[in-house]
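The following questions ask what justifies some of the labels used for a structure, setting values against definitions.

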Amino acid sequence: MNTETTMLEEEGDGAAGEPGVLHVLVMSPDAFVSVPLPTVGTVEIGRSSKCAVRLDDPLASREHARFHVHTPGAALQVEDLHSANGTRVRDRLIDPGALIEFAPGEAIIIGST
């Protein structure tokens, strides 16, 4: 059974019109961790200690995937970094190097995480 990695949005600090803060919610058989994302930028996901979102999953590559976070309100994207076992969005394997849009709350599956 696969568990999922997804994006969640928290409420802003109460200022009118302020966007929420995005987090990656990492769920695996051994972990349940929330990692905040930058407002704009990229975030690497994988087994390497260099990755901002570290996965303790033997099916994940050292540098498995990258999230692309654009200006608030813009589409989010995920990119598979030519991983050995691939990255799934909407239960479909994505092409390595392709930028695939996804919405907050959608599952991104990496190995058993």
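Q: How do you know that strand 4 and strand 6 are paired?
A: Two strands pair if DSSP finds at least two bridges between them, strands being DSSP runs (E, at least two residues), numbered from the N terminus. Strand 4 (residues 41-46) and strand 6 (residues 65-69) are joined by 5 bridges and run antiparallel, so they meet the definition of a pair; in strand 6, Ala-65 is the bridge partner of Ile-45.

This is a predicted model, in which local features need pLDDT of at least 70 and side-chain atom pairs count only at pLDDT 80 or more, while totals for chains, interfaces and linings use all residues. Residues are numbered from 1 along each chain as its sequence is written, and side-chain values use heavy atoms, with hydrogens and water left out.

Q: What makes the contact between Arg-66 and Glu-44 a salt bridge?
A: A salt bridge is a side-chain nitrogen of Lys or Arg within 4 Å of a carboxyl oxygen of Asp or Glu. The closest N and O atoms of Arg-66 and Glu-44 are 2.6 Å apart, so the pair satisfies the definition. Because Arg-66 lies in strand 6 and Glu-44 in strand 4, the pair ties together parts that are 22 residues apart in sequence.

Q: Why is Glu-79 called buried?
A: Buried means under 20% relative accessible area, exposed over 50%, and partly exposed in between (1.4 Å probe, protein chains only). Glu-79 has 13% relative accessibility and therefore counts as buried, whereas Arg-66, at 22%, is partly exposed. The side chains of Glu-79 and Arg-66 meet in a salt bridge at 3.2 Å, N to O.

Methods: Helices (H or I, at least four residues) and strands (E, at least two) are DSSP runs, numbered from the N terminus.
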